[in-house]
Structure formats: C-alpha cells, structure tokens
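Please open the model in your viewer and follow the stops below in order, selecting each part as it is named.

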Amino acid sequence: MADYNLERLNFLIVDDNKHMRALVKSILHALGAKNVLDASDGADAFKELRHYPADIIICDWNMDPLDGLDFTRLVRTGNDSPNPFVPIIMLTGHTEMNRVVEARDSGIHEFLAKPISAKGLYSRVRAIIEHPRPFVRAGLYFGPDRRRRALASYMGQERRKDAEGGKDGEDGDLSQAEVEALLNG
Amino acid sequence: MAEDDKPQVIHAPNPLSAKVTKGGPGAVDPTVLEKAEQVIAEMSGEYLNWVAEDLKKIQEAFEGLKSSGGTKENLEKVFEIAHDMKGQGGSFNYPLITTVANDLCRLLESLESAGAKETEVIRLHIDTMRVIITDGMEGEGGKAGKHLLAGLAKVVAKVNG
C-alpha cells in the first residue's frame, strides 16, 4: 500500500450521526489530515462547500432533509455547485447490490461499507489519489466514469423489481471487494 | 439513457495530485495505519455509551411501534436506529451487533406494517442486541455468542411458524 501524506487535503464529513462524525474525524486525524470539517446533512454540507474548498467528501446516505444521494446529485449537477468534480466517498450501512448501484449512479467515486476501519477508509482515499477518473455526461448522468457498461441490464431489472414493489430480500449484501469490483470494473 | 445520447467525456481537474506527497514524515505507512486502528480501539469506551443510548432509543421506538399498531412510519423509526447500530458495532469489535442489526434492518425494510408476529420478532432482535452489550460479547462472542445467534434464529423460525 503506497504511503501518502494527507496533511494538505481538506476533508468534509457529512453524516447525521454525531458519533459517526466523531469516529471518521478521529481516523482522519490519526492518518495525518489537518483540515477536517463536518456537517450533519447534505444541505449544511452544500453551504459549507461555498467557503470550504473540500478535496474529498465522505458522505453518509440516510440524512434529512437532504440525503447523501441528493447531495451528490446537487454537487454534480447543481447550477450553483462550487465544485462539481469533487471526489465523494459514500460511507453507508447499505450494502445491498441495488443500493450500491443506486449510489454509483448518483455520481460518487468510491463506496465504503460501515462498519469502517482505518485501513478501509485509507484504501478508499488512496483509490481516489491513484485513480483519477474522467467525468462523463450521459443523458441525465454527470459524474465519474462508471466504466462497467455490462451492468446496465442488471440495473434495469432492479429498477423494475422496485417499481413493482418488490423487496430486496433476494439481494445479498456485498462484500467491500465486490463493491469495488462493481464500481471500478 | 436514450440511444442517441452520446456520452461526453470530460477530463476533470485533479488538484489532489498537487497536494499529496508520497513517503516521508507524516505519510500513512503501516505504523500510522496501526496507530489509527488503535485510535478506534481506544474509542470503544465511548462506543459503549453510544450503544447504550441507541438501545434506549430503539426500545422507545419499539414501544411507539407497538402502541401505533405497527405502522410503516414507526417501522422506519426503528430502522433508522438499527441501521446506525449496524454501521458502528463492527468498528468497535462488536460484529454481533452489526450482524443482528443487519438482520433486523432487512426484516424492517421488507414490512409494510407489523402484526403481533412481526412485532415479536422485532422485539427478539432488540433484546438480543441488548444481551450482546450487557454480556460484553466482543468479537464473535465465543460459544455464548454462537448460542445466542442460534437461539435467535430458532425462536424467529418458531414465531414465523
């Protein structure tokens, strides 16, 4: 694992759970980050972005009033977005296949399943540093290149199942390695 | 995406490459990573306070669920807390909390409302999480942990008949 110095990076943590914010903040500080700001939901975070030049955002999914997906879409496509290209790591307890695909399609760079470890978080930060992704504008999507096009048919099925009121009981939880394969091809 | 939509590729600016250096003092080497893991371990005392708070909140949400007659809205309130518990347990060497909370989340997500049977199964999961914390079942919880999970599965199967 390459050794990077993170002290000049600005991190923004977005999570409605104060304990998770405290945990992620402690890990980032332990990894040498000096500038770590936090916000309790997507709307607050978007306001922070106006004056805080975040280099990496670590964002929860379930938040009110603006959840992690809406926040990501706002950052990517909002007219007044201060930085549509900022790398976003989605940090969430949702690890089912359809959820991971949904997160990917909102325009995140990386996905990290809770519960987290320092190694897990660093590996996602490292992936962002080592693999800068081109952005793609395709239809309504604007965000990092999603690469794995073969997945489109699978996504279609999941959406139909959801529309029919189907539950995700058939969707197993994905391991972090499977999530990474799904996101990065 | 419509067939005639041609994806446009944009090479995004990469300010990170200018800000991140490799190696040297302050870089994240294996020792720093181990220390960071240790920082999490040192927070486990705080975690026990957090989870005690969550157990109290989930019990209150469960009481609300019961008195509401098992509405979707109240199921979601229980889900929200169970989801937080799922996301934290494993970081602090309580993977059993993550396992049981995950099972509870999947059950709650699948329900539109909760009748007597479902309410009982929800209660069993909450009680199991309480036992895990009260008995300090860290890691896989040894033999007792195995028994507890097997017992939960058995009772859930019985309730579901």
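## A tour of chain B and its contact with chain A

Begin by selecting chain B of this predicted model, and trace the chain along its sequence, where the elements follow the pattern β-α-β-α-α-α-α-α-α. Colouring by secondary structure should bring out seven helices and two strands.

Next, keep chain B alone on the screen and turn it along its principal axes, where its C-alpha atoms fill a box of roughly 60 × 50 × 25 Å. The radius of gyration of chain B is 22 Å, whereas a compact globule of 161 residues would have one near 15 Å. Of the 161 residues of this chain, 32% count as buried. Among the contacts in chain B with a separation of 6 or more, 64% are between residues 24 or more positions apart.

Now bring chain A back and select the contact, to which chain B gives 45 residues and chain A gives 39 residues. On the side of chain B that touches chain A, the elements giving two or more residues are strand E1 (8-10), helix H1 (16-19), strand E2 (21-22), helix H2 (30-42), helix H4 (72-89) and helix H5 (95-110). Coloured by residue class, that side of chain B divides into 19 nonpolar, 15 polar and 11 charged residues.

For the last stop, select strand E7 (residues 135-138) of chain A together with E1 of chain B: the two strands run antiparallel and are joined by three bridges. Which residue in E1(B) is the bridge partner of A:Phe135? Centre the view on B:Ile10, which is the partner of A:Phe135 in that strand.

Terms used. Residues numbered from 1 in each chain as written. Chains lettered and ligands numbered in written order. Predicted model: local features only at pLDDT ≥ 70, side-chain atom pairs only at ≥ 80, totals over all residues. Contact = placed C-beta atoms within 7 Å. Helix = DSSP H or I, 4+ residues; strand = E, 2+ residues; numbered from the N terminus. Nonpolar A, V, L, I, M, F, W, Y, C, P; charged D, E, K, R; others polar. Pairing = 2+ DSSP bridges. Rg over C-alpha atoms; globule rule 2.2 N^0.38 Å. Buried ≥ 20, exposed ≤ 12 C-beta atoms within 10 Å, placed from the backbone.
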